[in-house]
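The following note is offered to a colleague who is beginning to read protein structures. Please keep the model open while working through the numbered points.

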Amino acid sequence: MRNRLLALSVLGVAVALAGCHHGTRPDGTRIDKKGVTDMAGFENFIATHPTADDFKKLYPGVQLMLPGTISTMEIRFDNSRFFPNLDGSGHIIGGDFH
């Protein structure tokens with residue numbers, strides 16, 4: 001019984017640590033799970049008119065505030081919450097951080 005518990009504990013730690021890596025974008029830049037720091041790169045990405053799914057893949061640390069999303073009134077200075085402007089087909093065409 002103890003061996004099973006030990007094996008499950010080790011497996012759980014291994015799985016948890018496996019998720020602690022930093023991925024890379026298709027262009028080779030590192031995905032940081034914090035707010036946006038490279039504003040020029042971010043603006044170039046937004047200029048491609050990405051979908052919400054594309055945005056979430058490349059910027060997992062940025063909360064995308066789509067219309068109807070409930071939010072708190074806190075002020076963030078780390079560019080971690082983006083309020084997009086959308087076109088008729090739902091692609092991001094601009095926006096700003098709050």
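1. A convenient place to begin is one pair of residues. Leu-64 has Phe-82, a residue of strand E2, as its bridge partner. The model in which this pairing is seen is a predicted one. At the level of whole strands, E1 and E2 (residues 81-86) run in the parallel sense and are joined over two bridges.

2. The second pairing of the sheet involves E2 and E3, which are antiparallel and share five bridges. Two of the residue pairs may be located by eye. Asn-85 has Gly-94 of E3 as its bridge partner, and Phe-82 is matched in E3 by Phe-97. Phe-82 thus deserves attention, since its bridge partners include Leu-64 as well as Phe-97. The hairpin made by E2 and E3 has five residues between the strands, and within this hairpin Gly-90 adopts a positive phi near 90 degrees.

3. Taken together, the three strands make an open sheet with the order E1-E2-E3 and mixed pairing. Which strands stand at the edges? They are E1 (63-64) and E3 (92-97); each has a single partner strand, so one side of each lacks a neighbour in the sheet. Helix H2 (residues 39-46) packs on this sheet and touches both E2 and E3, its direction making about 150 degrees with that of E3.

4. The overall plan may now be stated. The protein contains three helices and three strands, and along the sequence these follow the pattern α-α-α-β-β-β. Among contacts with a separation of 6 or more, 34% involve residues 24 or more positions apart.

5. Aromatic residues merit a separate point, for the structure holds nine aromatic pairs. In one of them, the ring centres of Phe-42 and Phe-97 are 5.2 Å apart and the planes meet at 45 degrees, so the pair counts as tilted. Phe-42 belongs to helix H2 and Phe-97 to strand E3, so this pair ties together parts that lie 55 residues apart in sequence. A second tilted pair is formed by Phe-55 and Tyr-59, with 5.7 Å from centre to centre and 35 degrees between the planes.

6. How many of these rings belong to one group may also be of interest to the student. A single aromatic cluster is formed by Phe-42, Phe-45, Phe-55, Tyr-59, Phe-82 and Phe-97. Three of its members may be examined for burial, for which the cut-off is a relative accessible area under 20%. Phe-42 has a value of 3% and is therefore buried. Phe-55, at 0%, is likewise buried, and Tyr-59 is buried with 11%.

7. Which residues make up the largest nonpolar core? It has eleven residues, namely Val-36, Phe-42, Phe-45, Ile-46, Ala-52, Phe-55, Tyr-59, Val-62, Leu-64, Phe-82 and Ile-92. The elements contributing two or more residues to this core are H2 and helix H3 (52-58). Of the elements, H2 gives the most, with three residues.

8. Phe-45, a member of this core, illustrates how one side of the chain meets another part of it. When neighbours within four places in sequence are left aside, Phe-45 is in contact with Pro-50, Asp-54, Phe-55, Leu-58 and Tyr-59. Two of these partners, Phe-55 and Tyr-59, also belong to the aromatic cluster that includes Phe-45.

9. Two loop residues should be checked for their backbone angles. His-49 lies in the loop between H2 and H3, and its phi is near 55 degrees, a positive value in a residue other than glycine. With a relative accessible area of 38%, His-49 is partly exposed. Asn-79 is placed in the loop between E1 and E2; its phi is also positive, at about 55 degrees, although Asn-79 is not a glycine. Asn-79 has 23% relative accessibility and so counts as partly exposed.

10. Finally, two totals describe the protein as a whole. Of its 98 residues, 20% count as buried. The accessible surface comes to about 7200 Å², and carbon and sulfur atoms account for 60% of that area.

Conventions
Residues numbered from 1 in each chain as written. Predicted model: local features only at pLDDT ≥ 70, side-chain atom pairs only at ≥ 80, totals over all residues. Heavy atoms only, no water. Pairing = 2+ DSSP bridges. Helix = DSSP H or I, 4+ residues; strand = E, 2+ residues; numbered from the N terminus. Contact = heavy atoms within 4.5 Å. Axes fitted to C-alpha atoms, helices over the stretch in contact; angles between N-to-C directions. Phe/Tyr/Trp six-rings, centres within 6.5 Å; stacked < 30°, edge-to-face > 60°. Buried < 20%, exposed > 50% of the residue type's maximum accessible area, 1.4 Å probe, protein only. Areas by Shrake-Rupley, 256 points an atom, 1.4 Å probe, with all protein chains shown as cover. Core = buried A, V, L, I, M, F, W, Y, C linked by side-chain atoms within 4.5 Å.
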